[in-house]
Amino acid sequence: MHFTADDLRRAADLVYSQMDPTPQYAWPQLADRLGCEVWVKHENHTPIGAFKVRGGITFIDWLTRTHPDMRGICTATRGNHGQSQARAATAAGLRAVIYAPHGNSVEKNAAMRAFGAELIEFGEDFDTARIEAVRVAEEQGLAVVPPFHAELVRGVATYALELFDAAPDLDAVYVPIGCGSGICGTILARDALGLKTEVIGVVSAGAQCAKLSVEAGRPVETNSARTFADGMAVRVPVKEAFDIYSRGASRIVSVTDAEVAEAIRAYYTDIHNLAEGAGAAALAALMQDRAAMAGRKVGVILSGGNIDAGWFADVLRGGVPEV
């Protein structure tokens with residue numbers, strides 16, 4: 001997969017037909033905390049509160065142009081991808097059948113339904129729900145929206161384009177990894193712009209398939225993916241994404257749920273922004289790397305702010321949500 005700068009700017013024009021660019025700020029409060037210049041990319045400020053909205057816009061635009069007779073989509077999600085696809089598909093007049101695992105975020109489920117999703121809970125984790133979504137799509141003649149696709153990544157990469165346009169001299173940027181569209185979009189945008197920024201991937205210690213895959217030099221599945229950072233709760237790596245981040249990321253680091261909870265508190269205490277688990281993972285990794293990043297100019301992707309109220313209350317009290 002390869003994008004030119006022009007490819008990304010055309011994608012950005014399409015994205016901006018439905019939303020404004022999100023801000024990126026160098027927050028002095030976080031600089032004081034961490035001893036480096038910290039640029040936060042605020043994907044918690046999109047129309048769905050997460051970066052995935054961008055990929056929904058570009059994917060559904062591509063789908064309606066290339067498959068004009070298609071009547072609907074089917075996909076699996078832990079919440080933000082589902083909101084994105086339901087929002088874009090419904091606006092285009094398509095059905096949006098969305099699968100999520102049992103026990104999924106109550107508030108993300110409600111948001112998906114509000115955006116028009118026909119939401120079905122199935123299986124115990126994302127990867128099980130994904131297999132069922134593919135089966136049902138084939139059975140009902142719906143378009144499968146995979147977790148990773150060139151048109152999704154093209155849209156998602158526009159957040160990195162915005163960040164790099166604003167701060168082209170970043171030394172490093174930390175990006176959470178679920179199925180990989182975010183980190184791959186960041187790598188491809190960096191390369192399209194000819195920049196030297198180090199891209200560092202972040203996984204949950206309870207869902208390390210991307211990190212284990214890079215270390216093994218091949219995709220490695222895990223038996224479970226237990227973390228309250230549900231956007232990173234993936235057991236099965238996506239080969240197409242692995243091919244990009246295994247070459248384009250300088251390293252992959254893991255963060256514990258306790259470290260993620262601490263980063264959520266830091267975001268709220270320092271800059272009064274709400275972060276979900278995956279959304280705080282990049283900051284958690286930077287907090288872990290504080291000594292190595294001292295004095296440098298660093299970006300962190302606040303990829304989403306959709307955390308259930310009960311979990312957020314637990315975190316603010318100093319706790320770590322249990323899953």
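**Reading helix crossings, burial and contacts**

Biologist: Where do I start with helix packing, and at what angle do helix 3 and helix 4 cross?

Modeller: Helix 3 (residues 53-66) and helix 4 (residues 80-91) cross at roughly 40°, and their axes come within 8 Å. Keep in mind that this is a predicted model. The angle makes helix 3 oblique to helix 4, because values that are neither roughly parallel, roughly antiparallel nor roughly perpendicular count as oblique. The crossing of helix 3 past helix 4 is right-handed.

Biologist: Which residues of helix 3 and helix 4 make the contact?

Modeller: From helix 3, take Val53, Gly55, Gly56, Ile57, Phe59 and Ile60. From helix 4, take Ser84, Gln85, Arg87, Ala88 and Ala89. Sorted by class, this contact has six nonpolar, four polar and one charged residues.

Biologist: Let me pick one residue there. Is Gly56 buried or exposed?

Modeller: Gly56, in helix 3, is buried, with a relative accessible area of 0%. Beyond its neighbours within four places in sequence, Gly56 is in contact with Ser84, Gln85, Ala88 and Leu152. Sequence distance and spatial distance are separate readings. Gly56 and Ala86 are 30 residues apart in sequence, yet their C-alpha atoms are 8.2 Å apart in space.

Biologist: Now another pair. How do helix 1 and helix 7 cross?

Modeller: The axes of helix 1 (residues 5-15) and helix 7 (residues 150-166) cross at roughly 105° and come within 9 Å. Helix 1 is therefore roughly perpendicular to helix 7. Asp7, Leu8, Arg9, Ala11, Ala12 and Val15 of helix 1 meet Arg154, Gly155, Ala157, Thr158, Leu161 and Asp165 of helix 7. That contact divides into six nonpolar, two polar and four charged residues.

Biologist: On to burial by element. Which residues of helix 10 are buried?

Modeller: In helix 10 (residues 239-248), the buried residues are Ala241, Phe242, Ile244, Tyr245 and Gly248. Next, look for what covers them. The cover includes helix 8 (181-192), strand 8 (198-204) and helix 9 (209-216).

Biologist: Loops too? Where is Thr197 found?

Modeller: Thr197 sits in the loop between helix 8 and strand 8. Thr197 is buried all the same, with a relative accessible area of 2%. Then check its polar atoms. A polar atom of the Thr197 side chain lies 2.9 Å from the backbone oxygen of Leu170. Leaving aside neighbours within four places in sequence, the contacts of Thr197 are Phe164, Pro168, Leu170, Asp171, Ala172, Val173 and Arg190.

Biologist: And in a strand? What joins the side chains of Gln24 and Lys41?

Modeller: A polar contact of 2.6 Å. Gln24 is in strand 1 (residues 24-26). With a relative accessible area of 17%, Gln24 is buried, because buried means under 20%. With neighbours within four places in sequence set aside, Gln24 is in contact with Trp39, Val40, Lys41, Glu162, Leu163 and Ala166.

Biologist: Last, backbone angles. What is the phi of His272?

Modeller: Start from the general pattern. Most residues other than glycine have a negative phi. His272 has a positive phi of about 55°, although it is not a glycine.

Biologist: Where is His272 found, and is His272 buried or exposed?

Modeller: His272 lies in the loop between helix 11 (257-271) and helix 12 (277-288). His272 is exposed, with a relative accessible area of 59%.

Methods: Residues are numbered from 1 along each chain as its sequence is written. This is a predicted model: local features need pLDDT of at least 70, side-chain atom pairs count only at pLDDT 80 or more; totals for chains, interfaces and linings use all residues. Side-chain values use heavy atoms; hydrogens and water are left out. Axes are lines fitted to C-alpha atoms, for helices over the stretch in contact, and angles run from 0 to 180 degrees between N-to-C directions. Helices (H or I, at least four residues) and strands (E, at least two) are DSSP runs, numbered from the N terminus. Angles under 35 degrees count as roughly parallel, over 145 as roughly antiparallel, 65 to 115 as roughly perpendicular and the rest as oblique. A crossing is left-handed if the near helix is turned anticlockwise from the far one by less than a right angle, and right-handed if clockwise. Contact means heavy atoms within 4.5 Å. Ala, Val, Leu, Ile, Met, Phe, Trp, Tyr, Cys and Pro count as nonpolar, Asp, Glu, Lys and Arg as charged, and the others, Gly among them, as polar. Buried means under 20% relative accessible area, exposed over 50%, partly exposed in between (1.4 Å probe, protein chains only). A polar contact is a pair of N or O atoms within 3.5 Å; within protein, one must be able to donate a hydrogen and the other to accept it, and residues adjacent in sequence count only if both atoms are side-chain atoms.
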